[in-house]
Amino acid sequence: MQHDTRIFGLGESVRGMNKRGYLYESWCSDVPRQDEGTKSMYGSHNFFIVKESEGGKTFGVFFDTGSRVTFDFGYTDYSDICVSCQDTGVVLYVITADENRGNESVLMNITRQFRKIIGQSYIPPRWGFGYQQSRWGYRTEEDVRDIVNKHKELNLPLEAVCLDIDYMEDYKDFSVDKKKFPNMKSFAEELKSEGVRLIPIIDAGVKLLDGYEVYDEGKSNNYFCKKEDGETDYVAGVWPGRSCFPDFLRADVRKWFGSKYKNLTDLGIEGFWNDMNEPAMFYSDESLAAAFEKLEEFKGKNLDINTFFDFSAVSGSTFNRLDDYQRFYNRAEVIGKGEKALRHDYVHNLFGGKMTQAASEGLKELMPDHRTLLYSRASCIGSHRYGGIWTGDNNARWNHMETEIKMLPGLNMCGYLYSGADIGGFAEQTTEDLMLRWMALGIFTPLMRNHSAWDAREKELYRFSNKATDTFRDILNLRYALLPYIYSEYVKAAVTGGMFIRPVYFDYENDCRSLECQDQLFIGEGIMIAPVYKQNENGRMVYFPEPMIQVTWKDGKYETKKISKGDHYIRQPLDSVIFFVRKGKAVPLFKPAMNTSQMKNDKYTLLGKGKSYELYEDDGFTTDIHLEGRVRVLR
Ligand code: MIG
């Protein structure tokens, strides 16, 4: 690399938009408490673009493999890129810009070609763009009804409530605990009549329990991953205790698992989130036995500093172990060789993505005329065709909000347009100001979800001060006012291989200031945002590569003002949302509503200097997506 060579991409990964200067590993991992040092996240997205300085080379590289890939981007030597793969069966794509690309930037053109190779991104139903409230800890129908009522009473828009593992009976996939949700079907209907939907979670591990239908079917049909002997089911501990893992790499297993969603779609459910599909494992029978044996060694001993640390490491030592991932096998179609057993670590990164495919194909069979909502924790390039992702267990920390801003462009490059982080942070204790700032960012991400861990501070939007509740209402109203624009830009980006969210340098790749601008984003064609992500800062410097119109949204009203090209300090008080309409563009604002089913999409105003906006519209569910004949010109 030259001194100013930059590397962009790598999807779900920490640190900057420019990935140079660290070592990343593509290895789908359950990584609560991730930070700047984290090498592997939940997804494995092996695509990046190398850009030398002006006049130099720019090319994209995609390593197509299911096994571990290490990206040493100037870590060992700041001048070198070194990519190594565990497997030899890697298909490598090198993409250079098309000479006849017209006005398109080299970065965008390479990305578009890549996206053409990997196929069209998942498009959720329109309601998937509404506001989702979630928490690990909504235990009963009453809990959920209370959340919905509170939102209604306080005029806080609400589209859906997620159900975490508590709704299941003993953490059994596709079951509903009748004691907590005595009549899920009528409950789902009741909520849907108000435009609110339920989104239950499904986990990758199936509880090992004779007499539990899903387990029995999986066992008798040999659908679960096996040990080396090809006969014994591999067993590991997850939520329900000892569990087996459907071999999602096999088409027959996907078909079976996908068909199980019927238990819930029969109850009127139209959306799901798939969790723990890296797959996460708390322990295996083997690692647990080894840990207990090890503990024996410490019994009765006088533990000194070294032995004490060895002792305390034992209980955590069974978590997501590489040797456990080497202890079981997937069966997969190998080109030219038919179906073969492959040691899991060679195909590890495909597992979660294949679960998403199973769910997606199952839901398509169950609801052929309806798009359904689906997002997953683990993913790989390819599964972006079947569902979106949330970015896993983040923390209520300001720098995790910053990480999301920097991660979104990479996710979009890799086809994950439908994505977003747990707003306000999943773990740890959030604060009112962090929630306000993060919500102001969250209204621009397609997946907009407020989710938290059971032991974290409650953070529904009415848990803070009354003033904050008023601001949250305002922020949500802006999301809904922009929703037709967001939906329209999303579909256009998906259909054309574009970027719904992209960094400034995608449009200004020869401007050295834009190339270093890692905390501003374009949202669709017409909007730029520059979120405040530091505590107690009431504004920030913003770089404008072109003149724009500033929109200040506050108290349900907006004000506009012209901003010239260059650097400006932009005040962004906590009780407002600031965004910018790009040069020559128009952005429609519609009348907000309590959720998408209540939106009329008739009255609008256009923001910005542009004369018109081409709005893509459909019924919000159709599976037949095309732009032709669906575009209304707004003037
Ligand atoms: O190990 O289902 O990322 O969103 O709330 C925790 C409980 C398992 C991890 C998910 C999180 C979810 C939680 N799950």
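**Notes on the ligand site, pockets and cavities**

The second largest pocket holds about 520 Å³ of space. Its lining counts 27 residues, and those closest to its centre are Pro32, Trp136, Trp239, Asp393 and Phe426. Please keep in mind that this is a predicted model. Here are my points, starting with this pocket.

1. **Who sits in the second largest pocket.** What takes up the space of the second largest pocket? The ligand does. For anyone setting up a grid box, the residues to look up first are the five closest to the pocket centre, Asp393 and Phe426 among them.

2. **The make-up of that pocket.** Sorted by class, the lining of the second largest pocket has 14 nonpolar, ten charged and three polar residues. Two strands, β11 (197-203) and β15 (271-275), each contribute at least two residues to this lining.

3. **The shell around the ligand.** The ligand is surrounded by 13 residues, of which Asp164, Asp275, Arg377, Asp393 and His451 are the closest. Asp393 therefore deserves a bookmark in your viewer: it belongs to the closest residues around the ligand and also to the residues closest to the centre of the second largest pocket. In the shell, eight residues are nonpolar, four are charged and one is polar.

4. **Polar contacts of the ligand.** Which side chains place an N or O atom within 3.5 Å of a ligand N or O atom? Asp164 has a polar side-chain atom 2.5 Å from an oxygen atom of the ligand. For Asp275, an N or O atom of the side chain is 2.8 Å from a nitrogen atom of the ligand. His451 has a side-chain N or O atom 2.9 Å from a ligand oxygen atom. As for cover, the ligand on its own has 350 Å² of accessible area, and the protein covers 94% of this.

5. **The largest pocket.** Here the space comes to about 980 Å³. There are 33 lining residues, and Asp64, Thr65, Gly66, Leu350 and Lys354 are the closest to the centre. By class, 17 of the lining residues are nonpolar, nine polar and seven charged.

6. **Where the largest pocket gets its walls.** Both strands and helices take part. The strands that each supply at least two lining residues are β5 (58-64), β8 (91-96), β17 (329-334) and β18 (338-343). The helices that do so are α1 (106-118), α10 (344-347) and α11 (351-366).

7. **Cavities and the largest of them.** How many cavities of 30 Å³ or more are there? The count is six. The largest cavity has a volume of about 120 Å³. Its lining is made of Arg437, Ala440, Leu441, Phe444, Ile529, Ala530, Pro531, Val532, Gln572, Ser576, Val577 and Ile578. Two elements, α13 (432-442) and β31 (577-581), give two or more residues to this lining, and α13 gives the most, with three residues. Nine of the lining residues are nonpolar, two polar and one charged.

8. **The second largest cavity.** This cavity holds about 100 Å³ of space. It is lined by 15 residues, with Leu10, Glu12, Ser13, Glu25 and Ser26 closest to its centre. The strands β2 (22-26) and β3 (43-44) each supply at least two residues of the lining; the largest share, three residues, comes from β2. The classes here are seven polar, five nonpolar and three charged.

9. **Two backbone details to check.** Most residues other than glycine have a negative phi, and most peptide bonds are trans. The peptide bond from Glu278 to Pro279 is cis, with omega near -5°. Pro279 belongs to the loop between β15 and β16 (283-284), and β15 is one of the strands that line the second largest pocket. Asn222, which is not a glycine, has a positive phi of about 55°. Asn222 lies in the loop between α4 (213-220) and β13 (236-238).

Note on methods:
Residues numbered from 1 in each chain as written. Predicted model: local features only at pLDDT ≥ 70, side-chain atom pairs only at ≥ 80, totals over all residues. Heavy atoms only, no water. Near = heavy atom within 4 Å. Polar contact = N/O pair within 3.5 Å; in protein donor to acceptor, adjacent residues only side chain to side chain. Areas by Shrake-Rupley, 256 points an atom, 1.4 Å probe, with all protein chains shown as cover. 1 Å grid on protein atoms, 1.4 Å probe; cavity = no way out; pocket = protein on both sides within 12 Å on 5 of 7 lines; lining within 4 Å. Sits in = over half its atoms within 2 Å of the grid points. Nonpolar A, V, L, I, M, F, W, Y, C, P; charged D, E, K, R; others polar. Points joined across faces, edges and corners; volume = space filled by probe spheres on them. Helix = DSSP H or I, 4+ residues; strand = E, 2+ residues; numbered from the N terminus.
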